[in-house]
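Work through the three exercises below with the structure in view. Each task is followed by a solution in steps.

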Amino acid sequence: MNIVFETVKKHHSYIINQCLKRNNSVFIVEPFHTYHHRKGIRFFPPPLPGFVNKLIERGKINLLEVDQLNAKTINNLAIDKAVDIIESVFPFYREQHDELFQYVSDTLKSPVAENIFKKDLCNRLAEFYSVNILLHRIEKALGSGQILVYPNTNVRSYLYLKALLSKSNQEFFEHPNISFPGQKHIAGYFENLKENLISLAKLSAQTIASGFLWNLRPVSKEKKTYLYGITLVSPTRELADNQRGPNFLIDNHKILPKDVVYFPTTELTDDQQKRLAQIPGEVIYLPKAGRCFSNFAEWGKLLRLALKNNFLRNAEEIKGACSAFLNY
């Protein structure tokens, strides 16, 4: 049997030695930056450990080189494929999380909110295809015979996406000669469990914090209405002395200062804030992303949905929903 390690760590030395004792052929994939990269520094792959280089020099193990795998093309192929199929796959993915996705859209009052989940799925599919293409080329390079691969990815997540693509009738490379060791399946399970617990803990903390902030909210005042709203998108230019100011609408006859409100959409310096305060009209500073969503009831329902649907198996969806609430 051929044994292939995509990324070698120090703890793999024992496994490699055991494989060599059993007369298995051991191959190491040459590090390269165009493989899937969810973690680590994208364009600087880690070098091979010293013990691996010594075994290669002694001819004990073999190196699957970048050119042999045509690795330079993998990343672009994977990205293009994910973008091509995302619209076809997303409806099947949405079925699994329909209640959660619909709640996010209803809360933010826009069906476009679902795009945050679509974008995340597209990134995950790109990672899947990167692994899938690499496995296909490993199988092609080594020929017939069983191959045991230690991939640098979460095996359980890979198999989940593979099943999702099968359900949506999308193409991917089958690799019947390749299998994954049991310890990679176990590691994937605990990695997913860890991510889910972290996501739930953060969501729970946000819910509790929002409850505290909700109780401290100021007593609501009478709502004000304005006929005109002006956003400030470039304060350096719009609040300069040599430029027409944001109060260009006001003429004190048809449009009065009391009917105009300004919304700065970027950070203002102290001088710019003073300048804006001198301009006729009201100023409202929009809440900053990530700091303003303190509606306890809506966070609480999101937490209930997270616990109700796919409990401990929806870390990605929880993170997407929290990001949508905090930033949009």
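**Exercise 1.** State which hand the crossing of H4 and H6 has, and classify the angle between these helices.

*Solution.* The structure is a predicted model. Step one: the crossing of H4 and H6 is right-handed. Step two: helix H4 spans residues 74-96, and its axis lies 7 Å from that of H6, at an angle of about 130°. Step three: angles over 145 degrees count as roughly antiparallel and 65 to 115 as roughly perpendicular, with the rest oblique, so H4 is oblique to H6. Step four: sort the residues of the contact between H4 and H6, which gives 19 nonpolar, 5 charged and 1 polar.

**Exercise 2.** Describe the second largest pocket by its space and its lining.

*Solution.* Step one: the second largest pocket holds about 270 Å³ of space. Step two: 15 residues line this pocket, and Ala113, Asn115, Ile116, Ala324 and Tyr328 are the closest to its centre. Step three: helix H6 (115-142) and helix H12 (315-327) each contribute at least two lining residues. Step four: by type, the lining has 6 nonpolar, 5 polar and 4 charged residues.

**Exercise 3.** Find which strands stand at the edges of the open sheet E6-E7-E8.

*Solution.* Step one: the sheet has 3 strands in the order E6-E7-E8, with parallel pairing. Step two: E6 (228-232) and E8 (282-283) each have a single partner strand, so they stand at the edges, with one side of each left without a neighbour in the sheet. Step three: look at the pairing of E6 with E7 (residues 260-264), where 5 bridges join the two parallel strands. Thr231 stands opposite Phe263 in E7.

How values were computed: Residues numbered from 1 in each chain as written. Predicted model: local features only at pLDDT ≥ 70, side-chain atom pairs only at ≥ 80, totals over all residues. Heavy atoms only, no water. 1 Å grid on protein atoms, 1.4 Å probe; cavity = no way out; pocket = protein on both sides within 12 Å on 5 of 7 lines; lining within 4 Å. Points joined across faces, edges and corners; volume = space filled by probe spheres on them. Helix = DSSP H or I, 4+ residues; strand = E, 2+ residues; numbered from the N terminus. Nonpolar A, V, L, I, M, F, W, Y, C, P; charged D, E, K, R; others polar. Axes fitted to C-alpha atoms, helices over the stretch in contact; angles between N-to-C directions. Parallel < 35°, antiparallel > 145°, perpendicular 65-115°, else oblique. Left-handed = near helix turned anticlockwise from the far one by under 90°. Pairing = 2+ DSSP bridges.
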